[in-house]
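Thanks, everyone. Please have the sequence and the model open while I talk. I'll take the strands, then the sulfur chemistry.

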Amino acid sequence: QVQLVESGGGLVQAGGSLRLSCAASGSIRSINFMGWYRQAPGKQRELVARVSFAGTINYADSVKGRFTISRDNAKNTVDLQMNSLKPEDTAVYYCNARILTYGGTYNDDWGQGTQVTVSS
């Protein structure tokens, strides 16, 4: 069993900043990718940013230059610093981890989601 526990999120005015944190725990041999996705009302879930175990980072074009993802492999945590927030960043943000289990299989695990609301 693996748990992803998220913290952060909330309500902020446009131009403001928020920080999201996620910690993975449980039966984890290693974690390949850790990252954040988001889903706005009426839209599909989309990748925001992700980072590999080796440190390779991918950002959605819409957040490049504004968001920064960081990861601590020793602690199995991933953070997302969000600056210069826009109303269109409003969504439920989900932590995601691609986990290698001790059984040798890869599983995609998700957090429960945290609401980010940016007012104009």
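Start with the open sheet in this predicted model. The sheet has four strands, in the order β1-β3-β8-β7. Their pairing is antiparallel.

Now look at the edges. Which strands stand there? They are β1, residues 2-7, and β7, residues 67-72. Each has a single partner strand, so one side of each is left without a neighbour in the sheet.

How are neighbouring strands turned against each other? On average by 15°, with direction ignored.

Stay with β7 for a moment. Its link to strand β8, residues 77-82, is made of six bridges. The two strands run antiparallel. Find Phe-67 on your screen. Opposite Phe-67 stands Met-82, in β8.

Next, the cysteines. How many disulfides does the count come to? One. The partners are Cys-22 and Cys-95, and their sulfur atoms are 2.0 Å apart. The cut-off is 2.5 Å, so this pair counts as a disulfide.

Where do the two partners lie? Cys-22 is in strand β3, residues 18-26. Cys-95 is in strand β9, residues 91-100. So the disulfide ties together parts that are 73 residues apart in sequence.

What about handedness? The torsion about the S-S bond of Cys-22 and Cys-95 is about -85°, so this disulfide is left-handed.

Last point. Are Cys-22 and Cys-95 buried or exposed? Both are buried.

To recap: β3 sits between β1 and β8 in the sheet order, and β3 also carries Cys-22.

Key:
Residues numbered from 1 in each chain as written. Predicted model: local features only at pLDDT ≥ 70, side-chain atom pairs only at ≥ 80, totals over all residues. Heavy atoms only, no water. Buried < 20%, exposed > 50% of the residue type's maximum accessible area, 1.4 Å probe, protein only. Pairing = 2+ DSSP bridges. Axes fitted to C-alpha atoms, helices over the stretch in contact; angles between N-to-C directions.
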